[in-house]
Amino acid sequence: MLNAHRPSLFDMLLELFIINRSGGLIYNRDLSSSAPDISINDWLRLGSTFHSLHAIIGQVAPIKSSGIDRLDTDSFTLRCFQSLSGVKFVVTADPGTAELDSFLRTTYELYADYVLKVSCSLHYIQIYGSFLVLKLSILVFHPYIEPIP
C-alpha cells in the first residue's frame with residue numbers, strides 16, 4: 001500500500017498579513033514560493049484597500065455583518081479574523097484549504113502573547129515612517145520559515 005504525500009496545512013498557505021484597526025499594514029509574509037511577488041508599496045495598498053472593503057461590506061450587507069470573513073475563488077481562498085481590538089489577520093491559501101480559521105486564531109493568540117510580552121521593550125519595535133514593524137516570532141511553528149532575527 002502506497003502512502004501518498006498528503007499536503008499539510010503549511011504546504012497550502014500562500015501569504016499572511018496583519019492590518020491594524022486604522023487600515024495600516026503592520027506585518028506581511030510570503031508563506032510559499034508560489035505566492036505572488038508583491039512590492040512593499042503594493043502590500044501597503046493591499047492592506048488599506050482590504051481594510052476599506054471590509055468596513056464597507058460590513059455596512060452594506062443585507063444582514064448584520066462584521067465585514068469580509070472569507071473569500072473563495074478558483075485560484076485562492078482568503079480568510080480574515082478580526083480581533084476585538086480591530087486588528088485583522090488575513091491569510092491566503094490554495095483553494096479548498098481547510099483549518100484556516102484555526103490557523104488565524106492560533107496566529108492571533110501568538111501575536112497577542114508576543115505583543116503583551118514586549119510592549120515595554122521598545123528595542124523590539126522599529127519605526128519606518130508612520131508604520132510599526134514588529135519583529136514577530138509568530139511563524140516559528142512553520143517548519144519552512146526561518147524565524148525573524
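Trainee: What relative accessible area does Thr49 have?
Mentor: This is a predicted model; local features need pLDDT of at least 70, side-chain atom pairs count only at pLDDT 80 or more, and totals for chains, interfaces and linings use all residues. Buried means under 20% relative accessible area, exposed over 50%, and partly exposed in between (1.4 Å probe, protein chains only). Thr49 falls in the partly exposed class. Its value is 41%.

Trainee: In which helix is the place of Thr49?
Mentor: Residues are numbered from 1 along each chain as its sequence is written, and side-chain values use heavy atoms, with hydrogens and water left out. Helices (H or I, at least four residues) and strands (E, at least two) are DSSP runs, numbered from the N terminus. On that numbering, Thr49 belongs to helix α2.

Trainee: How far apart in space are Thr49 and Gly23, C-alpha to C-alpha?
Mentor: In sequence, 26 residues separate Thr49 and Gly23. In space, the C-alpha to C-alpha distance is 7.9 Å.

Trainee: How far apart are the end C-alpha atoms of α2?
Mentor: Helix α2 covers residues 40-60, which is 21 residues. The expected span is 1.5 Å times one less than the number of residues. That gives an expected 30 Å for α2. The model agrees, with the end C-alpha atoms apart by 30 Å.

Trainee: What arc do the buried residues of α2 cover around the axis?
Mentor: In α2, Trp43, Gly47, Phe50, His51 and His54 are buried. They sit on the same side of α2, because their arc around the axis is narrow enough to put them there. The arc is taken over the directions from the helix axis to the C-beta atoms. It is only 95°.

Trainee: Which exposed residues are on the face of α2 turned away from its buried side?
Mentor: An α-helix has 3.6 residues a turn, so residues three or four places apart point the same way. On α2, the face turned away from the buried side carries exposed residues. They are Gln59 and Val60.

Trainee: At what angle to β1 does α2 run?
Mentor: The buried residues of α2 pack against β1, β2, β4 and β5, where contact means heavy atoms within 4.5 Å. The helix α2 lies across these strands. Axes are lines fitted to C-alpha atoms, for helices over the stretch in contact, and angles run from 0 to 180 degrees between N-to-C directions. To β1, the angle of α2 is about 70°.

Trainee: In what order do the five strands of the open sheet stand?
Mentor: Two strands pair if DSSP finds at least two bridges between them. Here the pairing is antiparallel, and the order is β2-β1-β5-β4-β3.

Trainee: Which strands stand at the edges?
Mentor: An edge strand here has a single partner strand, so one side of it is left without a neighbour in the sheet. The edge strands are β2 and β3.

Trainee: How many bridges join β4 to β5?
Mentor: β4 and β5 form a hairpin with five residues between them, and Gly86 in the turn has a positive phi of about 95°. Gln82 faces Lys88 of β5, and Arg79 faces Val91 of β5. β4 and β5 run antiparallel, and the bridges number six.

Trainee: In β4, which residue is the bridge partner of Arg70?
Mentor: β3 and β4 pair in the antiparallel sense over three bridges. They form a hairpin with four residues between them. Opposite Arg70 stands Arg79.

Trainee: How many residues of β4 are buried?
Mentor: β4 (77-82) is mostly covered. Of its six residues, the buried ones number five.

Trainee: Which element gives the most to the largest nonpolar core?
Mentor: A nonpolar core is a set of buried Ala, Val, Leu, Ile, Met, Phe, Trp, Tyr and Cys residues joined through side-chain atoms within 4.5 Å. The largest has 15 residues, and Leu13, Phe89 and Phe103 are among those with the most contacts inside it. β1, β2, β5 and α3 each supply at least two residues of this core. The top contributor, with four residues, is α3.

Trainee: What phi does Glu99 have?
Mentor: Glu99 lies in the loop between β5 (88-93) and α3 (100-118). At 55% relative accessibility, Glu99 counts as exposed. Glu99 is not a glycine, yet its phi is positive, at about 65°.
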